[in-house]
Amino acid sequence: MNDRYVLFYSQARFSYVRMKYLFFSWLVVFVGSWIIYVQYSTYTELCRGKDCKKIICDKYKTGVIDGPACNSLCVTETLYFGKCLSTKPNNQAKLGDQGNLSELVNLILTVADGDKDGQVSLGEAKSAWALLQLNEFLLMVILQDKEHTPKLMGFCGDLYVMESVEYTSLYGISLPWVIELFIPSGFRRSMDQLFTPSWPRKAKIAIGLLEFVEDVFHGPYGNFLMCDTSAKNLGYNDKYDLKMVDMRKIVPETNLKELIKDRHCESDLDCVYGTDCRTSCDQSTMKCTSEVIQPNLAKACQLLKDYLLRGAPSEIREELEKQLYSCIALKVTANQMEMEHSLILNNLKTLLWKKISYTNDS
């Protein structure tokens with residue numbers, strides 16, 4: 001009798017454990033499938049190249065829009081959509097109160113004249129106006145003669161074409177988005193650091209980022225703020241010259257101040273634009289202040305810290321680490337910030353250039 005009871009109990013316990021295992025397995029599969037479905041739906045909705053092409057070409061053929069890239073896209077079909085680099089919608093900008101506004105307008109009119117006939121047609125004007133709502137396009141126009149800004153190859157409606165960039169991330173390997181969902185962020189960062197160029201080439205890429213920071217810092221058309229300095233927004237070509245891959249979160253300082261000032265806040269965490277542009281919360285008014293806490297250079301150095309220190313030559317590692325941490329500590333509100341900014345930036349560039357000037361890899 002006791003043996004039968006023990007056997008029955010064991011079978012019942014085994015069945016319970018088995019049912020519990022099956023239930024949790026089903027739950028994991030269900031939740032995972034739902035996440036993949038939601039991500040795929042979002043991706044396909046926002047990366048619908050064929051639909052975009054049809055809408056743009058229909059408008060071009062009816063004369064609503066025009067631009068130098070329209071013929072290649074809609075007639076000869078030598079221009080086509082490739083890899084979708086982003087699924088972020090609605091990246092808009094305004095001209096705002098820019099320095100040298102009249103010069104900027106003339107520059108925009110020159111770009112808008114796609115066929116270079118000395119006149120801006122109605123279709124070209126409509127295309128240019130649509131494009132001027134985008135941060136990235138405005139910045140490409142302003143910085144079109146700068147080395148680290150991808151060249152603007154043409155436009156058609158609110159579609160614009162940039163030069164191809166061979167490597168579309170500062171470091172790491174490209175994985176299918178389905179796999180990305182299941183990789184912990186900490187492990188992903190560690191894994192990415194294994195897939196980088198040699199140190200002299202990393203130093204050359206880093207110098208490019210420092211030069212880009214100079215390009216957008218108090219230039220002739222105002223100051224621009226880098227509000228997402230992640231590795232996926234930076235790339236480089238086959239000569240290891242830095243190229244900006246995504247500039248949609250680089251915004252005019254005047255615009256950011258208008259966007260964030262008087263925003264209701266409980267703490268400083270509520271006063272963030274993008275991922276990196278932070279202001280402080282005034283506890284007396286419970287409103288965000290308009291002054292950004294950290295300058296572009298400090299954010300760039302934060303990104304470069306692990307990138308440059310990993311594999312750095314022993315003879316400069318200590319000095320390099322010291323300069324990077326001094327750079328990260330920069331604050332906009334500090335006295336003589338602009339002087340410190342220039343000094344730190346020049347010291348970093350000099351240190352890196354001296355080390356790689358005579359190497360084949362650079």
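## Bridges, rings and sulfur links

Glu258 is exposed, with a relative accessible area of 55%, because a residue counts as exposed when this area is over 50%. The model in which Glu258 sits is a predicted one, and every value below was computed from it. The side chain of Glu258 meets that of Lys261 in a salt bridge, with 3.7 Å from N to O. Lys261, for its part, is partly exposed, its relative accessible area being 37%.

The idea behind such contacts is a simple one: side chains of opposite charge can pair when their charged atoms come close. In this structure there are eleven salt bridges. One of them is formed by the side chains of Lys243 and Glu163, again at 3.7 Å from N to O. This pair links distant parts of the chain, since Lys243 belongs to strand β5 (residues 242-244) and Glu163 to the loop between β2 and α7, the two being 80 residues apart. Lys243 counts as buried because its relative accessibility is 9%, and buried means under 20%. Its partner Glu163, at 23%, counts as partly exposed. In another bridge, Asp306 pairs with Lys305, and the closest N and O atoms of these two residues are 3.1 Å apart. Here the lysine is the buried partner, as Lys305 has a relative accessible area of 13%, while Asp306 counts as partly exposed at 44%.

A positive charge can also be placed against a ring. Lys202 lies over the face of Tyr307, at 5.4 Å from the ring centre.

Which arrangement do the rings of Tyr167 and Tyr236 adopt when they pair? The structure contains four aromatic pairs. The one formed by Tyr167 and Tyr236 is stacked, with 4.7 Å from centre to centre and 20° between the planes. It links distant parts of the chain, for Tyr167 is in the loop between β2 (159-162) and α7 (177-180), whereas Tyr236 is in strand β4 (residues 234-236), 69 residues apart. Tyr167 counts as partly exposed, at 38% relative accessibility, but Tyr236 counts as buried, at 8%. Elsewhere, Phe137, Phe155 and Tyr160 come together in one aromatic cluster.

The chain is also joined to itself by covalent links, and the model has six disulfides. Among them is the one between Cys70 and Cys156, whose sulfur atoms are 2.0 Å apart. The torsion about this S-S bond is about 105°, so the disulfide of Cys70 and Cys156 is right-handed. The link connects distant parts of the chain, with Cys70 in helix α3 and Cys156 in strand β1 (residues 152-156), 86 residues apart. Both Cys70 and Cys156 are buried.

A further disulfide is formed by Cys227 and Cys277, where the sulfur atoms are likewise 2.0 Å apart. The link of Cys227 and Cys277 is left-handed, with -85° about the S-S bond. Because Cys227 lies in the loop between β3 (224-226) and β4, and Cys277 in strand β8 (residues 277-278), the pair ties together parts that are 50 residues apart in sequence. Cys227 and Cys277 are both buried.

Cys265 is joined by a disulfide to Cys281, with 2.0 Å from S to S, and the link of Cys265 and Cys281 is right-handed, with 85° about the S-S bond. Cys265 is found in the loop between α10 (253-260) and β7 (272-273), and Cys281 in strand β9 (residues 281-282), so this pair ties together parts that are 16 residues apart in sequence. Cys265 counts as buried at 0% relative accessibility, and Cys281 counts as buried at 8%.

Two residues deserve attention for their backbone. Most residues other than glycine have a negative phi, and most peptide bonds are trans. Glu77, although not a glycine, has a positive phi of about 55°, and this residue is placed in the loop between α3 (70-74) and α4. Tyr240 also has a positive phi, of about 65°, without being a glycine. Tyr240 sits in the loop between β4 and β5 and is buried, with a relative accessible area of 16%.

Back at the surface, Val105, Leu109 and Val120 make a nonpolar patch of about 210 Å². Val105 belongs to helix α4 (residues 101-112) and counts as partly exposed, at 36% relative accessibility.

Notes:
Residues numbered from 1 in each chain as written. Predicted model: local features only at pLDDT ≥ 70, side-chain atom pairs only at ≥ 80, totals over all residues. Heavy atoms only, no water. Phe/Tyr/Trp six-rings, centres within 6.5 Å; stacked < 30°, edge-to-face > 60°. Helix = DSSP H or I, 4+ residues; strand = E, 2+ residues; numbered from the N terminus. Buried < 20%, exposed > 50% of the residue type's maximum accessible area, 1.4 Å probe, protein only. Lys NZ or Arg CZ within 6 Å of the ring centre and 35° of its normal. Salt bridge = Lys/Arg side-chain N within 4 Å of Asp/Glu carboxyl O. Patch = residues over 30% accessible without salt bridge, like charges linked within 9 Å, V, L, I, M, F, W, Y side chains within 5 Å. Areas by Shrake-Rupley, 256 points an atom, 1.4 Å probe, with all protein chains shown as cover. Disulfide = S-S within 2.5 Å.
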